Amino acid sequence: MTTDNGHQQRTLQTLRAATESVLSASSYSGDNLADDLRDRAREAALRLLSIRERSSKELTDRLRDKGFPTEIVDDLVTRFLEIKLLDDERFAREWVTSRAQHSARGKSVLRQELRHKGIPTPVIDAVLESLSPEIEEDSARMLLSRKLRAIDPASLSDREIYRKQQRRLYNMLARRGFSSELAQRVTQDALTEHRANSSTE
């Protein structure tokens, strides 16, 4: 925990330094109240970014939810985009890689998630096109392997039980955004291999 906090603090200090020169004189109006709000909004934004990468819409929404004026939030987000503290394409690539590898999400669900986070359609298309088919398939197979631990391999010799498990696992993959072709193929492979284990144990 101490290490994580230390890492976050160093990241926060780095972010502060990166914005210091760009958001100094040109950002202030001479109105003490407005300038104080800008400082607080900037600090809140940097703290959010020190935790993880965010889309411009996500950061905008979080700052508005905290009660900062729209004008200040929009100006801050625009400046962060200019100096690349915010980058929607970078965010999208990191999001897709992480979700595909660690949370077992297929392309259709990833597309929905990125839309929800305000990523433009052309960026979504480019990022998902670059997602390796091997990564997506490995993610689906890893999820199936975890679910198969609860299924007795010998029970799959019963045709009805086999079909029931096949439908259940296929539907699970479909809900997570994997294509029907991929879901059908890896489910069939996984069940066949799992059933074969009953004859070797």
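How many helices and strands are there in the protein chain? In this predicted model, the count comes to 10 helices and zero strands. Reading along the sequence therefore gives a rather repetitive pattern, α-α-α-α-α-α-α-α-α-α. The protein chain has 201 residues, and 39% of them count as buried. Distant parts of the sequence also meet: among contacts with a separation of 6 or more, 67% are between residues 24 or more positions apart.

Helix α6 is a handy place to look at burial up close. It spans residues 107-116, and its buried residues are V109, L110, E113 and L114. Because these residues cover an arc of only 135 degrees around the axis, they end up on the same side of α6. The background here is simple: an α-helix has 3.6 residues a turn, so residues three or four places apart point the same way. On the face turned away from the buried side, α6 carries the exposed residues Q112, R115 and H116. And what covers the buried residues of α6? The cover includes α5 (88-102), α7 (121-129) and α9 (159-175). After α6 comes G118, with a positive phi near 80 degrees.

The loop between α5 and α6 is worth a stop too. One of its residues is A104, which has a phi near 50 degrees, a positive value in a residue other than glycine. That stands out a little, since most residues other than glycine have a negative phi. A104 is also buried, with a relative accessible area of 5%. G106 sits in that loop as well, and at 0% relative accessibility it counts as buried. Leaving out residues up to four places away in sequence, G106 touches E136, R176, G177 and F178. Along the chain, G106 and A174 are 68 residues apart, yet their C-alpha atoms are separated by 8.2 Å. Another positive phi turns up at K84, about 70 degrees, and K84 is not a glycine either. K84 belongs to the loop between α4 (70-82) and α5.

Next up is S139, found in helix α8, which covers residues 133-148. Is S139 buried or exposed? With a relative accessible area of 5%, S139 is buried, because anything under 20% falls in that class. Setting aside neighbours within four places in sequence, S139 is in contact with A100, A104, R105 and F178. Two of these names have come up already: A104 is the loop residue with the positive phi, and F178 is among the residues that G106 touches.

Helix α8 shows up again when it comes to empty space. Rolling a probe the size of a water molecule over the atoms shows where such space is left. The largest pocket has a volume of about 180 Å³. Its lining is made up of R141, L144, S145, L148, R149, D189, A190, E193, H194 and N197. The elements that give two or more residues to this lining are α8 and α10 (180-196).

Finally, a quick look at the rings. The structure holds one aromatic pair. There is also a charge over a ring: K117 lies over the face of W95, at 4.6 Å from the ring centre.

Note on methods. Residues are numbered from 1 along each chain as its sequence is written. This is a predicted model: local features need pLDDT of at least 70, side-chain atom pairs count only at pLDDT 80 or more; totals for chains, interfaces and linings use all residues. Side-chain values use heavy atoms; hydrogens and water are left out. Buried means under 20% relative accessible area, exposed over 50%, partly exposed in between (1.4 Å probe, protein chains only). Helices (H or I, at least four residues) and strands (E, at least two) are DSSP runs, numbered from the N terminus. The arc is that of the directions from the helix axis to the C-beta atoms. Contact means heavy atoms within 4.5 Å. Rings of Phe, Tyr and Trp (its six-membered ring) pair if their centres lie within 6.5 Å; planes under 30 degrees apart count as stacked, over 60 as edge-to-face and the rest as tilted. A charge sits over a ring if NZ of Lys or CZ of Arg is within 6 Å of the ring centre and within 35 degrees of the ring normal. On a 1 Å grid over the protein atoms alone, a cavity is a set of points where a 1.4 Å probe fits but cannot get out, and a pocket is an open set with protein on both sides within 12 Å along at least five of seven lines; lining residues have an atom within 4 Å of a point. Grid points are joined across faces, edges and corners, and a volume is the space filled by probe spheres set on the points.
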